[in-house]
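Please take a moment with the sequence and the three-dimensional view before reading on. The paragraphs below move from one place in the structure to another and describe what can be found there.

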Amino acid sequence: MSSYIRNNINPSLKGSGVRLAVIDTGIDHHHPYLPRPIYELDVRDNWPDDNYAEDEEGHGTLVVGIITNNYSSPSGYEGVAPDIELAVLKATGCPGPGSPSSCTPLGDVNQQIYDAMDHAANDTGAQIISMSLGTKNGNDFILNSDGTSIWEQKADWATRNGTMFINAAGNEGQYHGYYSIVNPATAKNVIAVGATNHWYHEETNVTVKNTYADEDIDDLAYYSSRGDTGDNGSEHGRDKPEVVAPGGAWNTDCTDDRGDGIVSARGKTDDQSSYLPLVNGSCSYKNNDLYRRTGTSMAAPHVSGIAALIIDNYNFAKSDRNAAMVKAMIVGSGINIGDNDRIANHTENHVDDDIGYGKVDLYQAIGYNGSTRKNWYFGDSLNTSGSVANYTFTVPSDNTYHYIKATVVWNDPPTTTTDPNWGALKNDIDIELRDPSGTLIESSNSWQQNIEQINYYNPSGITSGDWKLQVKAESHWDSTQEFGGFINLYTDKPSVNVRAFSNKSNVSTGDKIQITATVNNTGGEVASGVIVSLNLTSPPGSSIEDNFTIDSGYGMTLLGNIPPLGSRTVSWNLTVKNTIPETTFHINATYSNIGSATNGTVTLNGNSISGWDYRKQKNITGSTAGAQTNYQMKLTVYNSTGTDTPGNIYLGGNAKSDFSDLRFTKSDGITLLDYWIESYTPGVNATVWVEVDSIPASPNTASIYLYYGNSFASSSSNIHNTFLFGDDFEDNSWTANNWNLFAGGYTLVSATQRDGSTGKVLKSNNNSGQTHIIANVAADNIVIEANVKPLYDAGGTINYGVTFRDSSNLNTVNYFKLEYLNWGPAGHNLHYVGCAPETRLTGTGWTINNWYMLQAQISGSSLVMKLYDRNGNLMQTIPKTASCSLTNTWLGIYSGDYSGNTAYYDAFRVRKYASPEPAWGS
C-alpha cells in the first residue's frame, strides 16, 4: 500500500505532524524499523512500569509497523504513514484469537481497554486512535452490541471531541457469521474495519485462489466479522463494518510459496534474545525483522494510516467537523469489490453488511481530480431539527460523467442505556440531491445510520451545471451537530485494457524474446487487485513450457490497484526451445471491482504485429521508369471517417491524436518499414513519408500495411532512416549528421517550425561573411527539399539559401542555388544559378519571417526548382537544362555575404526520384 500511495499520489505524503495513538499490546522498542513513541503508557492493573509499553506478545509491534515502518530501513517495506507522531498505550498482553494458551492477562482486560481509550483521547493529543482489540465476556468477545456500553460511549465521546476512532471489526465471522462485530467497533462513530484477502510471494507471483478458504484476492476474508449491530431500531441494527482493508488470507502454514499474511515488524523480547509468542513461527519474510500475520487486526492500521495521510494532505486541525470530513472521505471513496449491492447496482440506499462502503483507497479520497474524476469535501453544522445546509458543486461539460456519489457523516452524541425506538441514533441527518433545475433526483434518509450516502447513476450522462446537495436535520434532535461531506463525480467504472508487445515477431530455436504488457485503466474509478497472466492459446494443446523457457517473470503477477488513467507494466523473458509454428499468447487482466476488461495478444511467426487494433493494406502502382527499391513515398492520413483515395487514408478516429501509433510494414505484415511524419495537425491529419522496400516496374503493383490504433505506442518516426539523407535537427545535433562546417557557424534553437509546431531548427550565426555547411548526398535521380525562413533584411548585399554543387569547394562554378536575394534584380526573388555562363531567373518574391519549402529535382542535366509557401502551395517553378551535369552533389546551407544575415533551416531530406514516380493505388 505504501508504494501505491507514494508512486501514484504524493511521494512526500507520510503523515507528518499527525499524532496517532495505538492501543494494543505495546511495542518492541529495539526494533530497527520502528520509531520511538513520543508518548507511551502501560495501563494494566498493578503493573510496575506504567510509563513503558514494552510488547510481550508481538501483536502491538505488528500493528505499529503497518502504520510506521521506517521507510529508510533496508526492509523494503514502508508503513502507510511513517512520519506520524506515535503514541503507544499498552492495554493487554492477550489480543484475542491466535494468542498462545500460556497468555494470561493481568487484571481486568476490559477495564484496561477502557482506561487506554480514556488516556488516548484525553492525554495524548491524538487526532486518531487505532485499536485492534475487543472487549470480552469471559473467554468470548462481546459481539453485536447496541451502542450503549461504556466502551462505545467512550469511543463516541472521543470522536465528538475531534479524535477519530478506528477499530478492527474482529475475526468472529468464521464462528458467528453475521452480527459478529466486536465491541467497541460497534460504536456508531467508530470506523469498524473488516478484512480482505491479500497474499503474494515476493510481491509479484500470485495464486488466484486461497486454497484454505477458496477465496480470491480482494474477497472478504472468511474470518472477518460482519454486521449488523444489536440496537434493533427501525432498520434492525446499524450496518457494519464501515470499510474493509487488506488483512491477509488465513493460513497458519506460512511456509508455502503463496506467502499469506500482511508483512510488518517482528517483535522480540526486551533483551532481544527471542521472538515474542505471536511472531515465533515460520511466517518470517525477507529477513528476521519482518513477519506475516493475518486478521482484521492487520486491516485496521491500514485505515488508521490513511486517515493520517488525509489529515496531513489537507492540514486539518483536530476538531469534530474535521474528523467527520476525514471519515466521509474514507467511506465515500470506498472501492466496490463485488459484494456491495448498492454501489454495484445503483438501485437501493443501503450499505453492505460484508464490506460496508467498500475497500479503502486513498487515491480516490484525495489523489485524483482530473478529466475522468472530480471530488469535493465540505463541512458545516446543524443546530435544531428542521435546519438545513446546502452545498453546491458544478458538474463541468468537459466530459461525459455518469456517476455521483455523495456522502455525509456526523459523529453522533454518545447513547445512554435508554435505547430509543430508532436505535442508537440521537441526531438524524438526511440528504437530498438536486439537479441544476432544482429537481429532486435522489435522497438518503436512514433513521439508524449516522452515515448517509447517495449513489446516482445516469447512463445517458449527468447534466452539466450547478448541482445541490441539501443536508437537513430531521427529528429526535439532541444538540448542535457538526458534519462532514464528500462528493465524487466520475465518468465510469474501471475500464481495463491490456496492450501487449514482443520485441521480436519472427523467432527460431535459441532466440530470446521479451513480451511486455501494459495494463491501463481508462475509467473513472480505481481498478482494484489487478492480476495479469501470460497464457498460450495456440497452437492448440501446447503449453508455454513445451516450447519456451521462462527466464524471468511470473505466470500470474499481482499489479495491485491501478488508478484512473494510470497504467502498470509487466514483462516476461523467454527462450525459444523448439522450432515453432504461428504461436499466440493471450495476456489477460482480472480485477475485483465491477467494470470492463479487454485483454491483449502477442503472435509469433504470424503475419501481423502485436498490439495494434487496426491495419489497412495499400497498393502501389509501379513506374514505367523501372523497378524501384527503398523508394520514399508521400501519404496523407486523416484521423476521421472518409473514403480512401490514392495518397489519402482515413483512420476513423482510431489513431492517436499525434499519430505516434502509425506503423508501416512490408507485404508480409510484420517487417517494419521506415517512415517520417513531416507534419501533423493534432487529431486531424498527418503528412507521412514511407520508405517502401520494393516496387516492381509498371504494370505490376506492390503492397504495404499501415497499422494504427495503439494508445500505448510511441512514435517511430525517423527522418535519418527514411531518406538517403535526412535531418530535422530534433536530436539536438547537426555535426553528428554528416554536416561539415565550411565557413562561419550555426547553432540549434527551439522555434516555431513550418507546420506551426515547436521544435529544433538550425540558425545561421549573425556574423560577417558567409556561413556555410555542406553534406555529401547521392548525385542523380534525386529530389532535395529543405525548409528556410529568412529572419533579417537591412538592405545591402544579403542572401540566404540552399546550394547544390559538384564540389565541396565554394568557388566552383558548377552549382545551383535557391536563394533569397536583395541585390541585383530588384526585389526579393527566387534565383537559379547553374553552370557557366551564370543565369538568374526572377519570380515570386520572398518575405522575411515566413517559412518556405525549397525543392530541386535533379535528373541528369535536367533540373527543376520549386518554391512552396508554408502551407504547401506552389509559388514558383523554374525548369532548367544545365550545360553540365553534377556527378557528385554536395548539399549546402549558406547565409552571406555581410553581417546581420540570419535564417532558420529545417527538415533537409534527399530522396530517390523516378519519372514518372510510382503512385498510390487502392
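S371 lies in the loop that runs between α9 (362-367) and β15 (373-382), in a model that is predicted. With a relative accessibility of 37%, S371 counts as partly exposed, because a residue is called buried under 20% and exposed over 50%, and partly exposed in between. Leaving aside residues up to four places away in sequence, S371 touches N399, Y401, T491 and L565. One of these, T491, is 120 residues away from S371 along the chain, and the C-alpha atoms of the two are separated by 8.5 Å.

A second loop residue, T902, can be found between β52 (889-897) and β53 (903-912). Is T902 buried or exposed? T902 is buried, since its relative accessible area is 9%, and the limit for that class is under 20%. In sequence, T902 and L791 are 111 residues apart, while in space the distance from C-alpha to C-alpha is 5.6 Å.

These two loops can be set beside the protein as a whole, which has eleven helices and 54 strands. Of its 922 residues, 57% are buried. If one takes the contacts in the protein between residues at least 6 apart in sequence, 74% of them join residues that are at least 24 apart.

Among the helices, α2 is mostly covered, with ten of its ten residues buried. The buried residues include H59 and G60 as well as L62, V63, I66 and I67. What do the buried residues of α2 pack against? Their partners are the strands β1 (19-24), β3 (85-90), β4 (128-131), β12 (262-265) and β14 (287-293), together with the helix α6.

The pairing of these two helices can be followed further, for α2 (residues 59-68) and α6 (residues 296-314) pack at an angle of about 35°, and their axes are 8 Å apart. The crossing in which α2 passes α6 is right-handed. On the side of α2, the residues that meet the other helix are H59, L62, V63, I66 and I67, and on the side of α6 they are S297, M298, P301, H302, S304 and G305. Sorted by kind, the residues of this contact comprise six nonpolar, five polar and no charged.

Helix α6 also enters the description of the largest nonpolar core, which has 62 residues and in which I128, V193, V303, I310 and I330 are those with the most contacts inside the core. The largest share of this core, ten residues, comes from α6. Around I330, and not counting residues up to four places away in sequence, the residues touched are M164, I191, V243, V303, I306, A307, I310 and V360. A second core, separate from that one, has 28 residues and includes V496, A500, A527 and I580.

Turning to the strands, four of them form an open sheet in the order β27-β25-β29-β31, and their pairing is antiparallel. At the edges stand β27 (556-562) and β31 (600-604), and each has a single partner strand, so that one side of each is left without a neighbour in the sheet. Neighbouring strands of this sheet are turned against each other by 20° on average, with direction ignored. Strands β25 (residues 527-538) and β29 (residues 583-590) pair in the antiparallel sense over seven bridges, and L534 stands opposite I587 in β29.

Another group of strands gathers around β18 (residues 429-434), which is joined by six bridges to β21 (residues 465-473), the two running antiparallel. Here E432 has Q470 in β21 as its bridge partner. β18 also pairs with β19 (residues 440-444), again in the antiparallel sense, over four bridges, and the partner of I431 in β19 is S444. β18 and β19 form a hairpin with five residues between them, and in the turn G438 has a positive phi of about 90°.

The last stop is T665, which is found in strand β35 (residues 663-665). T665 counts as buried because its relative accessibility is 0%. Not counting residues up to four places away in sequence, T665 touches I609, I670, T671, L672, L673, I704, Y705 and Y707.

Notes: Residues numbered from 1 in each chain as written. Predicted model: local features only at pLDDT ≥ 70, side-chain atom pairs only at ≥ 80, totals over all residues. Heavy atoms only, no water. Axes fitted to C-alpha atoms, helices over the stretch in contact; angles between N-to-C directions. Left-handed = near helix turned anticlockwise from the far one by under 90°. Contact = heavy atoms within 4.5 Å. Nonpolar A, V, L, I, M, F, W, Y, C, P; charged D, E, K, R; others polar. Core = buried A, V, L, I, M, F, W, Y, C linked by side-chain atoms within 4.5 Å. Buried < 20%, exposed > 50% of the residue type's maximum accessible area, 1.4 Å probe, protein only. Pairing = 2+ DSSP bridges.
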